[in-house]
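Work through the exercises below with the structure open. Try each task before reading its solution.

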Amino acid sequence: MDASSPTAIIKVVLPKVPFLLQTAASHTLGLSSTSSKWDLRTELIVKFIRSLMTSPEPTPIGKQQRMTLKDPGIKGPIWISKITVSIPEEDDAFKTLNNAIDALKEGGEVYTPALIAPVEAEWTGYRAGVDKHRHRLDLSEAQHYDRLMKEVTSDITVLYFHGGALFLMDPASHRPTCMRLAKMTGGRCLSVRYRLAPKHAFPAALLDALIAYLYLLSPPPGSYHDPVPAQHIVFAGDSAGGNLCMALLQFILQLHRSSPSKPPTIRFHGRDVEIPLPAGVAPNSGWMDLTRCMPSIYANSHYDYLPVPPSQDAIKHFPKDDLWPTDPPRGDLYCETSMLCHPLVSPLAAKDWKGACPVWLAYGSECLTDEGRIVARRMAQQGGNVIWQEYEAMPHCFSLIFEHLPGGVKCFESWVQFMKDVVKGRAIETHGLFIAAKSLKETVVDVRKLLEDVSDKDVHELMMEARVKRSTGEEGEAKALPRL
């Protein structure tokens, strides 16, 4: 759907009017199972999105992708400066990433290395004193960057990775989120246009994320910015972007494990660049498990709009188009099925988080909550500093979607506060909260004991079982992805 086209919007909404009226009546009469937790606006939005994402027949992948890549234009209180990171003469980043991937294999995993490509990104800042209709100034990208920097008041640089199941969305779709982060932190965001599946399989997106981090640390000649100290950088992202945040962190940890006696370096545009940890990592509703095997996938589905894996007799295949199926065929949009349990594909599979920088993790009562719980628990048990927040009855990425909800506001403010704290060097102590719906009453939870009834051994077995099902075709391509 083209969100900028009134005709397209009417075509989508009009057939849903009876359903929306029925939903409103059910909520008003207290007949809905979620009416005690949600206001009417939230109920309508969640159930409308769910109805779009669970349509009976899946839409071709290429059409889905193109629908989410349309640029609505730049206007309002936002500065955007578009940049492209050129391909370095050296292939050190390529080799180093592939070495880490190979070192973390358990046996039998197969992938095709991705070559380094130019990486596009958008510097994003807050433009004060203009209304939402003000158009972008007719300036060069360098001039836009200079204007952006004149309004930056803090050291925070957010390296942002957008969500979209690793095959949808774009920095253009996430400009409002990055603008809001820039405004509230006083800093700036570099929002990365990483390569999307299925055309670009793992590890293309992760390689682009690494190149973006190198670009911040050691800008090539002609870049607009000065080198950014790692202690001023926070990795952040929503959903699939949260996956890339944590995969990039795990990659850096693997680099340090493989080079215990000296700081690891990667040669980039003529320089040996040290690869330190960032100040912090902050995934919002991060997608940690591409096998989607954890209990909350089903248990929390009534609060979420994400589709659950269909029953065996309902399994669908995406209609053929220019993007899918790939040639040669692949069992997953993002990677070979043999790679689904690799720590740089599914961070839930990572066993070793020792030495990580502070991490902030927030979820609703959503389909992905359990995978976040396990990652937070594992990190805390290994001595990491982890902030865990779980918001009762809230769906996936609620703080980005429901700006009107007090819980959404609270979550976003916590996200920002974490960024401020880690960049200022304030101590982060492991702490967990469960935040009740509507009242926002906080209950302290022990992060080290999250989801105690599911052991690490159980997680491994569940993931491996799910991988086998995917490999043998027991779960279809459209198992749990949006059918827009």
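The exercises that follow concern a predicted model.

**Exercise 1. The sheet**

Task: Find the order of the strands in the open sheet of ten strands, and name its edge strands.

Solution:
- Step 1. Read across the sheet: the order is β1-β2-β4-β3-β5-β8-β9-β10-β11-β12, and the pairing is mixed.
- Step 2. Look for strands that pair on one side only; these are β1 (78-85) and β12 (442-445).
- Step 3. Consider the twist: on average, neighbouring strands of this sheet are turned by 20° against each other, direction ignored.

**Exercise 2. One strand pair and two helices**

Task: Determine whether β5 and β8 run parallel or antiparallel, and state which strands helix α11 touches.

Solution:
- Step 1. Strands of a sheet can pair in a parallel or an antiparallel way, through backbone hydrogen bonds.
- Step 2. β5 (residues 233-238) and β8 (residues 280-284) run parallel and are joined by five bridges.
- Step 3. Within this pair, A282 of β8 is the residue opposite A236.
- Step 4. Helix α11 (residues 369-381) packs on the sheet and touches β9 (359-364) and β10 (386-391). The angle between the directions of α11 and β10 is about 155°.
- Step 5. Helix α7 (residues 175-185) lies across β1, β2, β3 and β4, at about 50° to β2.

**Exercise 3. The hairpin**

Task: Which side chains of strand β6 are buried, and how does β6 pair with β7?

Solution:
- Step 1. Follow the side chains along β6 (residues 265-268): they alternate. I266 and F268 point to one face and are buried, whereas T265 and R267 point to the other and are not.
- Step 2. β6 pairs with β7 (residues 271-274) in the antiparallel sense, over four bridges.
- Step 3. I266 has V273 in β7 as its bridge partner.
- Step 4. Two residues separate the strands of this hairpin, and H269 in the turn has a positive phi of about 50°.

**Exercise 4. Aromatic rings**

Task: Classify the ring pair of Y145 and Y224, and explain why it ties together parts of the chain.

Solution:
- Step 1. The whole structure contains eleven aromatic pairs.
- Step 2. The ring centres of Y145 and Y224 are 5.9 Å apart and the planes are at 35°, so this pair is tilted.
- Step 3. Y145 belongs to helix α6 (residues 141-150) and Y224 to the loop between α8 (204-217) and β5, so the pair ties together parts 79 residues apart in sequence.
- Step 4. Y145 is buried, because its relative accessibility is 4%. Y224, at 32%, is partly exposed.
- Step 5. Elsewhere, one aromatic cluster is formed by Y160, W360, F412 and W415. The charged end of R180 sits over the ring of F412, 3.7 Å from its centre.

Terms used
Residues numbered from 1 in each chain as written. Predicted model: local features only at pLDDT ≥ 70, side-chain atom pairs only at ≥ 80, totals over all residues. Heavy atoms only, no water. Pairing = 2+ DSSP bridges. Axes fitted to C-alpha atoms, helices over the stretch in contact; angles between N-to-C directions. Contact = heavy atoms within 4.5 Å. Phe/Tyr/Trp six-rings, centres within 6.5 Å; stacked < 30°, edge-to-face > 60°. Buried < 20%, exposed > 50% of the residue type's maximum accessible area, 1.4 Å probe, protein only. Lys NZ or Arg CZ within 6 Å of the ring centre and 35° of its normal.
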